[in-house]
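Work through the exercises below with the sequence and the model side by side. Try each task before reading its solution.

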Amino acid sequence: MSTLPFTPDLTLKPEVTAFFDEPTNTISYVVKDPGSNACAIVDSVMDIDYAAGRISHAGADRIIAFVREHGLKVEWLIETHVHADHLSAAPYIQAQLGGKLGIGENITIVQETFGKIFNEGTEFQRDGSQFDRLFTDGDSYTIGTMTAYAMETPGHTPACMTHVIGNAAFVGDTLF
């Protein structure tokens, strides 16, 4: 049996609110520190109508309204992985509410691969610079008084990470 590269506090129970996006069958989460008004938003979704070729921010706006209604302070916008099945609303939410944007360090592998597939020129940065933090296995970060941990769980993409926050784990598409 392998051991975790960190020791989570399983007695800590973050307040987790889920937001289901029916068109993409995706769940986004607001994870609140029970000891403060600090929170993180995990895997936010931007709405896309593939048939019409239109995007909207309706789902993200629901999350923004929830955060404002509850007087929360967004400290992190976490991407558990790069999303092929939907677009991320994290930059949009970050512009509205602040917070730092984080993803696994292997996003650079995904960026390099997709940069070539879609024939993106040199203006498309493949160094992860679109994010405030690139997590490595065992990294920790804080959300208010909670310590969260990032754990590499590659498979769906090389950038997949599980984020363990108290007794909750956010696995993205690690499990289908």
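**Exercise 1. Find the loop that holds Asp43, and describe its backbone and its surroundings.**

Step 1: Asp43 lies in the loop between strand E3 and strand E4 (45-49), where strands (E, at least two residues) and helices (H or I, at least four residues) are DSSP runs, numbered from the N terminus. The model is a predicted one, in which local features need pLDDT of at least 70 and side-chain atom pairs count only at pLDDT 80 or more, while totals for chains, interfaces and linings use all residues. Residues are numbered from 1 along each chain as its sequence is written, and side-chain values use heavy atoms, with hydrogens and water left out.

Step 2: Asp43 is not a glycine, and yet its phi is positive, at about 55°. For comparison, most residues other than glycine have a negative phi.

Step 3: With a relative accessibility of 5%, Asp43 counts as buried, a word that means under 20% relative accessible area, whereas exposed means over 50% and partly exposed lies in between (1.4 Å probe, protein chains only).

**Exercise 2. Starting from strand E6, trace which strands pair with one another, and in which sense.**

Step 1: Strand E3 (residues 38-42) runs parallel to E6 and is joined to it by five bridges; two strands pair if DSSP finds at least two bridges between them. One residue pair to look for is Ala38 with its bridge partner in E6, Lys73.

Step 2: E6 also pairs with strand E8 (residues 100-104), in the parallel sense and over three bridges. Here Leu77 has Leu101 of E8 as its bridge partner.

Step 3: From E8 the path continues to strand E9 (residues 133-135), which runs parallel to E8 and is joined to it by three bridges. Gly102 has its bridge partner, Arg133, in E9.

Step 4: Now consider how covered these strands are. In E6 (residues 73-78), five of the six residues are buried, and because four of the five residues of E8 are buried, E8 is largely enclosed by the rest of the structure.

**Exercise 3. Give the order of the strands in the open sheet that contains E10, and name its edges.**

Step 1: The sheet has four strands in the order E10-E11-E12-E13, and their pairing is antiparallel.

Step 2: Strand E10 (140-143) and strand E13 (168-170) are the edge strands, since each pairs on one side only.

Step 3: Direction ignored, neighbouring strands of this sheet are turned by 25° against each other on average, the axes being lines fitted to C-alpha atoms (for helices over the stretch in contact) and angles running from 0 to 180 degrees between N-to-C directions.

Step 4: For one pairing in detail, take E10 and strand E11 (residues 146-152), which pair in the antiparallel sense over four bridges, with Ile143 standing opposite Met146 in E11.

**Exercise 4. Which residues touch the most other members of the largest nonpolar core, and which elements supply that core?**

Step 1: A nonpolar core is a set of buried Ala, Val, Leu, Ile, Met, Phe, Trp, Tyr and Cys residues joined through side-chain atoms within 4.5 Å. In soluble globular proteins, nonpolar side chains tend to be buried together.

Step 2: The largest core has 21 residues, of which Val30, Ile41, Ile63, Val67, Leu77 and Ile93 touch the most other members. Two or more residues each come from E3, helix H1 (58-69), E6, helix H2 (90-97) and E8, and the largest share, five residues, comes from H1.

Step 3: A second, separate core has 17 residues, among them Leu12, Val31, Ile143 and Phe170.

**Exercise 5. Where is His81 found, is it buried or exposed, and how far apart are His81 and Ala159?**

Step 1: His81 is found in the loop between E6 and strand E7 (87-88).

Step 2: The relative accessibility of His81 is 3%, so His81 counts as buried.

Step 3: His81 and Ala159 are 78 residues apart in sequence, but 5.4 Å apart in space, C-alpha to C-alpha.

**Exercise 6. How many disulfides are counted?**

Step 1: A disulfide is a pair of cysteine sulfur atoms within 2.5 Å, and by this rule the count comes to zero.

Step 2: Look also at two cysteines: Cys39 is buried at a relative accessible area of 0%, and Cys160 counts as buried at 2% relative accessibility.
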